[in-house]
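Good morning, and thank you for making time for this short presentation. Please have the sequence and the model open in front of you as I speak.

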Amino acid sequence: MVPKRREPVEIQRVQTGVRMEKRVLKVLKGLAEVLDISLGDLLEGIVLHSFDGKAPFSRSTLDKIGDLRRIYGLDLDSSHAHRLKERP
């Protein structure tokens, strides 16, 4: 089996204005800081892993996410994903 090449892939990025639940965003920003990557890079990684049906995080990263969830009071989980209603 031949390993995949790790050469850079040229892409084009665009600016986006995405609305997101406040505590979710705080956890994502905190995780990006802990991992020393940009928020955009973190989100791209999560999405690309999800598109391939792969888990985006290791056990140690999930532990860090758990800590950040507690710090920011994020009590939402995937069961809430399609039931979120924004306050007027």
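I shall go through the helices, the core, the salt bridges and a few features of the surface and the loops.

Please keep in mind that this is a predicted model.

Let me begin with the helices. Helix α1 covers residues 22-35. At 1.5 Å a residue, the 14 residues of α1 should span 20 Å, and the C-alpha atoms at its ends are indeed 20 Å apart, so the two values agree. Helix α2 covers residues 39-51 and helix α3 covers residues 59-72. In α2 there are 13 residues, and the distance from the first C-alpha to the last is 18 Å, close to the 18 Å expected at 1.5 Å a residue.

We now turn to the interior. In general, nonpolar side chains tend to be buried together in soluble globular proteins. Which residues form the largest nonpolar core here? There are ten of them: Val27, Leu28, Leu31, Ala32, Leu42, Ile46, Ile65, Leu68, Leu74 and Leu76. The elements that contribute two or more residues to this core are α1, α2 and α3. The greatest contribution comes from α1, with four residues.

Helix α1 deserves a closer look. Its buried residues are Val27, Leu28, Gly30, Leu31 and Ala32. The cover over these buried residues includes α2 and α3.

Let us take Leu31, in helix α1, as an example. Is Leu31 buried or exposed? Its relative accessible area is 2%, and a residue is called buried under 20%, so Leu31 is buried. What does Leu31 touch, once its neighbours within four places in sequence are left aside? Its contacts are Leu42, Phe57, Thr61, Ile65 and Leu68. One of these partners, Leu68, stands 37 residues away from Leu31 along the chain, with 7.5 Å between the two C-alpha atoms.

Another member of the core is Leu76. Not counting residues up to four places away in sequence, Leu76 touches Glu21, Arg23, Arg69 and Leu84.

I come next to the charged residues. How many salt bridges does a search of the whole structure find? The search finds seven, and I shall describe three of them.

In the first example, the side chains of Asp41 and Arg13 meet at 3.0 Å, N to O. This pair links distant parts of the chain, since Asp41 belongs to helix α2 and Arg13 to the segment before α1, 28 residues apart. Asp41 is partly exposed, with 35% relative accessibility. Arg13 is exposed, at 52%.

In the next example, Asp75 and Arg23 form a salt bridge through their side chains, again with a distance of 3.0 Å, N to O. This pair also links distant parts of the chain: Asp75 is in the segment after α3 and Arg23 is in helix α1, 52 residues apart. Asp75 counts as exposed, at 55% relative accessibility, whereas Arg23 counts as partly exposed, at 24%.

The last example joins the side chains of Arg70 and Asp67, at 2.6 Å, N to O. Why are these two residues separated by about one helical turn? They are three residues apart in helix α3, and that spacing is the reason. As a general point, an α-helix has 3.6 residues a turn, so residues three or four places apart point the same way. Arg70 is exposed, with a relative accessible area of 62%, and Asp67 is partly exposed, with 41%. Elsewhere, salt bridges with shared partners join Arg13, Asp41 and Glu44 into one network.

Let me now move to the surface. Val18, Met20 and Leu43 make up a nonpolar patch there, and together they have about 250 Å² of accessible area. Met20 lies in the segment before α1. With a relative accessible area of 37%, Met20 is partly exposed.

Finally, I draw your attention to two backbone angles. Asp36 lies in the loop between α1 and α2. Although Asp36 is not a glycine, its phi is positive, at about 60 degrees. Asp36 is also exposed, with 68% relative accessibility. Just after α2, Gly53 has a positive phi of about 75 degrees.

To close, I return to the core: ten residues form it, and α1 gives the most, with four. Thank you for your attention.

Definitions and conventions. Residues are numbered from 1 along each chain as its sequence is written. This is a predicted model: local features need pLDDT of at least 70, side-chain atom pairs count only at pLDDT 80 or more; totals for chains, interfaces and linings use all residues. Side-chain values use heavy atoms; hydrogens and water are left out. Patches are made of residues with over 30% relative accessible area and no salt bridge: like charges are joined within 9 Å, nonpolar side chains (Val, Leu, Ile, Met, Phe, Trp, Tyr) within 5 Å. Accessible areas come from the Shrake-Rupley method with a 1.4 Å probe; for residues, only the protein chains shown count as cover. A salt bridge is a side-chain nitrogen of Lys or Arg within 4 Å of a carboxyl oxygen of Asp or Glu. Buried means under 20% relative accessible area, exposed over 50%, partly exposed in between (1.4 Å probe, protein chains only). A nonpolar core is a set of buried Ala, Val, Leu, Ile, Met, Phe, Trp, Tyr and Cys residues joined through side-chain atoms within 4.5 Å. Contact means heavy atoms within 4.5 Å. The expected span of a helix is 1.5 Å times one less than its number of residues.
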